[in-house]
Amino acid sequence: MHIHIFWDSLAPAGLQVPVARTISAITGVRATIGENPVRMMGYDQARKQINAPALLDGIHAYKRRQHLTDPVLLVVSQDLFRDGHSFVFGLARESVGAAVVSVARLKNQYYGKPDRDDDLVDRLIKEGAHEIGHLFGLGHCMVPECIMFRPDTLDELDRKKKMFCDECRVHLDRNKH
Ligand SMILES: [Zn+2]
Ligand SMILES: [Zn+2]
């Protein structure tokens, strides 16, 4: 079993390898990178955002067609939302092994600051590992440094470390097999 990371063509190129490598190191599960074969469903013209649950439906449909049971993480450029939330950094659906993260609000540029690839790679790793944690059955964690802490802001995301706390680590290792 391994994690399939699908990189949408609009997401920034060149960051795939460091993101996949570190997500693999943090989770202890091999991660592979590929171009995104999933149809980009759920775009909301008025909001200029993608409805994240609709996009997860698209991943689910692709997985069923391909008889793919491994977990999938899709990386997209467009901003994501779900009902009741103005935006989400990412979303996971454990029951179908599908997750999505967006780079839109992980870029400094979004907040009027100069972009740095290092910042973006760091945040993508944290968000990606977080959603994969959900795919392995982990809930949110109250430890602010833990990958499974749910950040509301970029500052809270940046405060997290690229690791699971001891309790989440035990839970993850138990569920991986
Ligand atoms: Zn979460
Ligand atoms: Zn934790």
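Glycine 97 adopts a positive phi near 65° in the hairpin of β8 and β9, where four residues lie between the strands. This is a predicted model. The two strands of the hairpin, β8 (residues 90-93) and β9 (residues 98-102), run antiparallel and are joined by four bridges. Arginine 93 has alanine 98 of β9 as its bridge partner, and leucine 91 is placed opposite valine 100 in β9.

The hairpin belongs to an open sheet of five strands with mixed pairing, ordered β2-β1-β5-β9-β8. At its edges are β2 (31-35) and β8, each of which pairs on one side only. On average, neighbouring strands of the sheet are turned by 20° against each other, direction ignored.

Two helices are described relative to this sheet. Helix α1 (residues 16-27) packs on the sheet and touches β1 (3-7) and β2. Helix α3 (residues 117-135) lies across β1, β5 (72-76), β8 and β9. The table gives the direction of each helix against one strand.

| Helix | Strands touched or crossed | Angle |
|---|---|---|
| α1, residues 16-27 | β1 and β2 | about 150° with β2 |
| α3, residues 117-135 | β1, β5, β8 and β9 | about 160° to β9 |

Strand β9 thus appears in both parts of the description: β9 is bridged to β8 in the antiparallel pair, and helix α3 runs at about 160° to β9.

Notes
Residues are numbered from 1 along each chain as its sequence is written. Chains are lettered from A and ligands numbered from 1 in the order in which they are written. This is a predicted model: local features need pLDDT of at least 70, side-chain atom pairs count only at pLDDT 80 or more; totals for chains, interfaces and linings use all residues. Two strands pair if DSSP finds at least two bridges between them. Axes are lines fitted to C-alpha atoms, for helices over the stretch in contact, and angles run from 0 to 180 degrees between N-to-C directions. Two residues are in contact if their C-beta atoms, placed from the backbone, lie within 7 Å.
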